[in-house]
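Colleague: I'd like a close look at one part of this protein, and then a bit of what lies around it. Could you walk me through it in plain words?

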Amino acid sequence: MFPALETELKQQTLPDPYEDFMYHHLQYYGYFKGPTCLSSTVHRQIEAVSRDSLMLSSPLLKSRQLLHDDLGEVNSRLREPRDLFAFFSSSGPLQAPRWPIECEVIKENIHHIVPSEDSYFTSSRVGGKRGIIKEPAVTLQGPEDNTLLFESRFESGNLQKAVRVNTYEYELTLRTDLYTNKHTQWFYFRVQNTRKDVTYRFTIVNLLKPKSLYTIGMKPLMYSQLDANAHSIGWRREGDEIRYYRSNTDDGQQPFYCLTWTIQFPHDQDTCFFAHFYPYTYTDLQRFLLSVANSPVQSQFCKLRTLCRSLAGNTVYLLTITNPARTPQEAAAKKAVVLTARVHPGESNGSWIMKGFLDFILSNSPDAQLLRDIFIFKVVPMLNPDGVIVGNYRCSLAGRDLNRHYKTILKESFPCIWHTRNMIKRLLEEREVLLYCDFHGHSRKSNIFLYGCNNNDRKFWLHERVFPLMLSKNAPDKFSFHSCNFKVQKCKEGTGRVVMWRMGILNSYTMESTFGGSTLGNKRDTHFTPEDLKSLGYHVCDTLLDFCDPDRTKFMQCLAELKELLQQEIHKKFKELGQDMDLEGSWSDISLSDIESSTSGSDSSLSDGLPVHLLNTADELNQKKKMYKKKKRKPLQSRKQRNKQYQKSNLMQESKLTEDAPEGAGFASTLQKQPAFFKNSENTSSSTMKNEKPRLNELNGRDKGTSLGPSKMTTLILTKNKERMQREKPGLTVSCSPKRNTNPSQEPAPDTKPNWSRNRYPATKGGRTTAVVYPSLHIYTYP
């Protein structure tokens with residue numbers, strides 16, 4: 001409905017000249033049907049408006065730009081123009097998440113899906129699958145029925161099925177990432193119809209990772225709706241008798257692992273949620289960004305834009321955070337910092353670190369203001385919104401790990417990372433990017449740490465390790481420098497940190513935060529909370545200030561400490577190998593990659609390659625790219641340049657033949673490979689002139705219809721030179737073959753050595769003038 005238009009029509013009694021003109025205008029272009037004067041039809045049109053007559057089938061308006069909600073009611077907004085993505089209005093509703101059309105979504109504040117039969121993503125819509133949502137498989141028979149009701153068809157949920165194997169025991173199967181048959185780690189589901197003081201057992205039966213933090217004390221998260229409403233208690237770690245083990249079923253395929261735990265619910269008839277880690281959904285992000293857009297202060301230095309649309313059409317947001325510069329010179333001098341998160345949708349801890357960073361950098365703290373004065377922050381808070389919405393653990397709707405495809409050329413299939421890389425590429429053309437960091441979660445290691453890239457430039461040796469070491473000093477109870485790794489593995493070449501590092505960003509990192517807790521300082525043997533992760537976002541800002549302090553004392557102290565730590569590590573490695581070496585003075589020349597182990601990253605770190613339906617597309621794009629590069633070769637601009645290039649290639653071939661030619665055939669091979677004119681400065685001047693006349697006559701024959709190609713001209717010139725040299729030295733045989741010799745019988749013997757000077761113009765020996773080899777005349781070059 002259009003309330004504003006309805007009110008306006010009710011208040012209108014006389015036709016307005018301007019409105020009459022506009023109705024004529026709309027009628028001319030076909031957007032309005034009806035009389036131009038509204039005196040006699042006002043009431044009928046008011047009734048039509050109140051009956052939702054402004055639908056697409058309305059005889060009043062024919063515009064297809066009107067938006068409708070799920071119930072068919074008209075929304076008072078025009079459809080977004082194609083290829084123009086504006087940020088959501090501060091006064092309008094949040095953009096509803098778009099789901100794959102195969103996904104069923106319950107009509108509540110939380111949403112989720114059912115697996116699709118298709119092998120790859122096709123299309124999406126708000127609300128997911130059309131039609132009636134299926135009811136739960138179990139229906140309660142009465143108030144005494146104690147069967148638990150499971151649900152996960154909400155945002156970020158991913159439970160596929162629950163099987164009751166005993167009165168209070170359930171086996172749970174997680175849905176794999178959409179359009180894949182693997183990646184089961186993240187879980188998030190709802191349980192209803194609970195009973196107090198009863199011990200339930202839940203067992204997830206299809207996990208894929210052989211190792212887990214659940215084996216060393218990590219607990220699942222539980223959320224009670226009644227506790228949240230009555231006591232403001234949110235997510236908490238719960239569960240007893242926790243075990244993580246390999247399943248006994250062996251069908252010859254990839255083995256499954258099971259996670260089992262027991263739980264006692266705090267209330268009867270409660271609604272509870274279980275999760276692998278604290279959820280942070282796409283809607284949570286939009287609520288936060290809406291608050292920033294509505295803030296009159298923060299919106300002055302934080303500009304929200306749309307980086308691109310995801311495969312399902314969800315907005316990928318880009319934040320540019322910096323204080324306005326006073327002069328163009330000041331703006332140009334600012335360095336950039338790029339931060340991203342949630343390329344892996346099941347690693348929600350990355351969003352909590354990002355939330356802490358944004359809370360601080362957007363605050364009125366003096367340190368935050370200083371950072372905004374000296375830096376331009378480019379922030380992509382959620383790189384994979386589709387995966388977050390549908391509850392994937394690692395992949396996008398393309399069915400692939402986006403953090404292995406940063407080198408992709410498939411813009412339409414991997415839009416989020418393609419546009420991110422392109423944005424950073426343009427940024428590097430404008431200014432220096434001091435730091436790039438992508439926030440992740442880790443399922444097998446404790447604490448928080450960084451993966452970086454070893455720098456091969458001795459000028460900046462160990463500099464990439466200074467920022468992580470400073471961060472470990474600022475957050476000693478959370479961040480572990482000894483868990484950091486800087487080795488670049490071949491299987492990680494497509495990751496964000498490696499691709500950005502190869503693009504020229506020295507300090508390029510992946511920040512890994514554990515799903516569990518800390519083993520350091522005051523936080524030892526405790527689980528991380530959202531506040532702990534948010535505090536690390538603040539420490540990132542604090543470390544940036546230390547890293548860029550004009551007083552380089554801290555930087556140099558950290559560099560000296562790094563050299564000492566590295567020297568100790570090298571001695572330790574040699575000791576393990578049973579060698580005792582004095583590395584004084586030469587230890588710094590050892591490759592850092594040789595003394596570092598591989599990163600203990602994800603079990604699914606190897607890329608699956610492209611989906612089958614994209615292979616042909618990738619091949620076609622690669623062929624077009626190669627053809628474009630060939631066409632882009634810069635042609636020679638002038639005859640002089642063409643001649644210069646020809647002489648250069650001639651010299652290279654001559655030097656190659658000089659190195660390979662046999663002894664005794666020097667003069668002959670010189671003539672063979674270099675077509676030139678010879679002169680005898682004393683005795684052969686007259687014979688040379690005689691021999692030149694027929695050559696000129698032959699050349700003049702071109703004007704009479706005779707065509708002389710380069711090979712014929714070469715043969716002619718060498719023939720004349722051969723006759724002259726045989727007259728001078730009857731015993732010497734001179735080859736008169738063309739430059740490109742194809743007769744192997746004329747090749748020099750392999751056991752001989754060249755005996756001529758390497759100078760292009762041989763020196764005179766013994767006072768006797770030798771045949772001088774002049775530079776080639778331009779007889780081969782034609783325009």
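Colleague: Take strand 13 (residues 257–264): how many of its residues are buried?

Modeller: First, a word on the model: it's a predicted one, where local features need pLDDT of at least 70, side-chain atom pairs count only at pLDDT 80 or more, and totals for chains, interfaces and linings use all residues. Residues are numbered from 1 along each chain as its sequence is written, and side-chain values use heavy atoms, with hydrogens and water left out.

Now to your strand. In strand 13, 7 of the 8 residues are buried (under 20% relative accessible area, with exposed meaning over 50% and partly exposed in between; 1.4 Å probe, protein chains only). Strands here are DSSP runs of E, at least two residues long, and helices are runs of H or I, at least four, numbered from the N terminus.

Strand 13 pairs with strand 9 (residues 199–207), antiparallel, over 7 bridges; to count as paired, two strands need at least two DSSP bridges between them. One of the matched pairs there is Ile-204 with Leu-259 of strand 13. Strand 12 (residues 240–246) also runs antiparallel to strand 13, joined to it by 5 bridges, and here Arg-243 has Thr-260 as its bridge partner in strand 13.

Elsewhere, 5 strands make an open antiparallel sheet, in the order 5-8-14-10-11. Strand 5 (149–151) and strand 11 (236–237) sit at the edges with a single partner strand each, so one side of each has no neighbour in the sheet. Strand 5 is held to strand 8 (residues 188–192) by 3 bridges, running antiparallel, and Phe-150 stands opposite Val-191 of strand 8.

On to the nonpolar cores (sets of buried Ala, Val, Leu, Ile, Met, Phe, Trp, Tyr and Cys residues joined through side-chain atoms within 4.5 Å). The largest has 114 residues, and Phe-202, Phe-265, Ile-321, Leu-358, Phe-377 and Met-511 touch the most other members. A second, separate core has 24 residues, including Cys-308, Leu-383, Cys-416 and Ile-424. Back in the largest core, Ile-321 has contacts (heavy atoms within 4.5 Å) beyond its neighbours within four places in sequence, among them Phe-301, Leu-358, Arg-372 and Phe-377.
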